[in-house]
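Trainee: I've got the model loaded and I'd like to go through the labels people put on it. Can we take them one at a time?

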Amino acid sequence: MLTRREFIKLCLGAGAGFSLGSTVLPRLAEAITALERRPPVIWLEVQTCTGNFLSFLNTLNPRLQELIFEIIDLRYGNTMMAAEGEQAIRALEDVARDARGEYILVVDGAVPTKDGGIYGAIGHHPDGRLFTDLEAVETLGPGARYVVAAGSCAAFGGPYAANPNPTGAKPVSMVLDRQVINVPGCPIHPDWLVATLSHLLLYGVPDLDPYNRPTMIYGDTVHDNCPRRQYFENSIFAAHPGDSGCTYKIGCKGPVTFTDCPTRQWSGEHLSWPVEANTPCIGCVAPEFPDGMEPFFEQLPDVKLPGVTVTARTAAAVAGIVTAGGIGAHLVGSVLTGRLARNWVGKTETTKTNPGTGPGGEEKTLSKREARKDASWRGRRRPAGKLARGKDRNHHERVQSEREGEKE
Ligand code: SF4
Ligand code: SF4
C-alpha cells in the first residue's frame with residue numbers, strides 16, 4: 001500500500017507528469033475493493049458556468065470512465081446523468097437518504113442566497129416548489145462524509161460573488177456549518193480534484209492551509225516555481241501580453257497566488273500554462289479572485305506587511321538591484337515568496353474560513369522545507385530550474401542579448 005507520505009511526494013514531485021494511473025490507481029482499487037461498495041459521490045452544480053466539470057472531464061490518468069465506473073460511484077451529476085426532472089431529483093433524494101454519512105458531496109459553483117435563494121435552482125419538488133441551490137446545499141451538506149468545494153466559485157465565491165454580487169452568491173463554507181475542503185481554480189485543474197478525492201478515499205482529509213486548501217497542491221506560490229523567475233531577477237519584464245520575459249509588470253499575480261501550475265501545467269496532458277503562453281497569471285485560485293486580482297493586466301498594488309509597506313514596484317526595483325549588485329536577495333525572497341503572499345492587502349490576510357481540522361488561521365510557522373527554501377534565497381539566486389534545461393535557457397539568453405543590443 002502506498003503510504004500517505006509517498007502519495008504526497010508523488011503529488012508534489014511528479015509535477016507535469018503527475019499520474020495516478022500506474023502508481024496510485026492500483027492502490028485506490030485495492031482500497032475500494034476492501035469497501036462494501038464504491039464511495040457514492042454527488043456532484044452538485046449550483047451557480048456555475050460548468051467550466052469545472054468540463055475541465056474535470058479532461059482527466060486522462062485515470063480516465064473519466066475509470067474514475068466513475070471503477071473508483072467512485074457517481075450517483076448524481078446533472079451534466080452527466082441520463083435522468084432529468086423528477087427522476088433526477090428522486091435519484092438525489094435516494095442517495096441522500098440511503099448513503100447518509102457515506103457520500104462525498106462535490107459542490108461546483110457559488111450558492112445564491114439573496115431573496116431566499118430564488119436565483120438558482122436544481123429543479124422542482126413534487127409539489128412544484130423550486131428546489132433551490134441553497135436548499136440543496138443545506139440539505140445535502142450535513143449528511144455528507146466529506147464536502148469538497150470544487151472551483152473558485154464554490155470555494156470563495158469567485159466571479160458570481162464579484163461586486164455587485166446581485167444574487168448574494170456565497171462560498172459553500174459560508175452556507176454550511178461544517179468543514180469544507182476548498183479546491184479552487186477557475187477552472188479547477190482535473191489533477192487537483194483527482195488528487196484530493198484520492199487522498200480522501202485513501203487517507204482521509206489532507207493537510208489544509210488556512211483557507212482549507214490541500215497544501216499538497218496549494219503549498220507554494222506560482223512565483224516560487226515559475227520558469228520565468230530568472231527573468232524576474234534579471235529585471236527582464238514583458239511590456240505587453242505576448243512578449244517574452246517575466247509578466248510581473250503586466251499584472252502577473254504569481255507572487256501572491258498559491259498553486260502548482262508552473263510544474264503541473266494544463267490540462268489532462270500537462271502541456272502548458274499561462275505564463276508559458278506569455279500571459280500573466282491572474283490568480284484564479286486566490287480567495288479574493290476576481291475583484292482583488294483586478295485589473296488583471298496591471299502590476300500588483302502596494303503590499304502591506306506587519307510594520308512596513310512595500311510596494312510591488314519597489315520590490316521589482318529591489319529585484320533589479322539584487323541582480324546588479326548581488327545584495328538584498330533576502331528581502332525580495334522573503335517578501336515575495338512568503339510574508340507578502342500570506343499577508344497581501346485586505347481580505348487576503350490569513351483568516352480561518354471554515355471550522356474543521358485545518359490550521360486555525362494563525363501565522364504559519366515555516367516548515368523545515370520552507371525554511372530551507374527561504375534560506376536558499378539569502379545571498380544567491382534561485383536555481384534556474386527549467387531555464388537551465390534547453391530551449392528556455394537559450395530563449396532567456398537570446399532575450400537578454402536582444403535587450404542589451406537595444407540599450408547600445
Ligand atoms: S512574476 Fe509571474 S511571470 Fe514573473 S517570475 Fe513571478 S510568476 Fe513568473
Ligand atoms: S496560472 Fe494563475 S490564473 Fe492560471 S490557472 Fe494557474 S493560478 Fe489560475
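Trainee: Why does Met 216 count as buried?

Mentor: Keep in mind that this is a predicted model. The cut-off for buried is 20 or more other C-beta atoms within 10 Å. Met 216 has 21 C-beta neighbours inside 10 Å, so it counts as buried. You'll find Met 216 in helix 9 (residues 215-218). Thr 196 is 20 residues away from Met 216 in sequence, and their C-alpha atoms are 8.9 Å apart in space.

Trainee: What share of the protein's residues count as buried?

Mentor: 42% of the 408 residues. The protein has 15 helices and 11 strands.

Trainee: Why do people say that the buried residues of helix 6 line one face?

Mentor: Start with the list: in helix 6 (residues 133-140), Asp 133, Leu 134, Ala 136, Val 137 and Leu 140 are buried. Looking down the axis of helix 6, you see those buried residues within an arc of 165 degrees, so they line one face of the helix. The general rule is that an α-helix has 3.6 residues a turn, so residues three or four places apart point the same way.

Trainee: What covers the buried residues of helix 6?

Mentor: Among others, helix 5 (85-98), strand 1 (40-45) and strand 3 (104-108). The cover also includes strand 4 (111-112), strand 5 (121-124) and strand 6 (130-132).

Trainee: What is the order of the five strands in the open sheet, and how are they paired?

Mentor: The order is 2-1-3-7-9, with parallel pairing.

Trainee: And what makes strand 2 and strand 9 edges?

Mentor: Strand 2 (73-77) and strand 9 (181-183) each have a single partner strand, so one side of each is left without a neighbour in the sheet. On average, neighbouring strands of this sheet are turned by 20 degrees against each other, direction ignored.

Trainee: How do you know that strand 1 and strand 2 pair?

Mentor: Pairing takes at least two bridges, and four bridges join strand 1 to strand 2. Those two strands run parallel. Trp 43 stands opposite Gly 77 in strand 2.

Trainee: Which strands does helix 8 touch?

Mentor: Helix 8 (residues 190-203) packs on the sheet and touches strand 3, strand 7 (146-150) and strand 9, its direction making about 155 degrees with that of strand 9.

Trainee: Last one: how many charged residues does the shell around ligand 2 have?

Mentor: By class, that shell has no charged residues, eight nonpolar and three polar. The residues surrounding ligand 2 include Trp 273, Cys 281 and Thr 257.

Notes. Residues are numbered from 1 along each chain as its sequence is written. Chains are lettered from A and ligands numbered from 1 in the order in which they are written. This is a predicted model: local features need pLDDT of at least 70, side-chain atom pairs count only at pLDDT 80 or more; totals for chains, interfaces and linings use all residues. A residue is near a molecule or strand if its C-beta atom, placed from the backbone, lies within 6 Å of it. Ala, Val, Leu, Ile, Met, Phe, Trp, Tyr, Cys and Pro count as nonpolar, Asp, Glu, Lys and Arg as charged, and the others, Gly among them, as polar. A residue is buried if 20 or more other C-beta atoms lie within 10 Å of its own, exposed if 12 or fewer, and partly exposed in between; C-beta atoms are placed from the backbone. The arc is that of the directions from the helix axis to the C-beta atoms. Two residues are in contact if their C-beta atoms, placed from the backbone, lie within 7 Å. Axes are lines fitted to C-alpha atoms, for helices over the stretch in contact, and angles run from 0 to 180 degrees between N-to-C directions.
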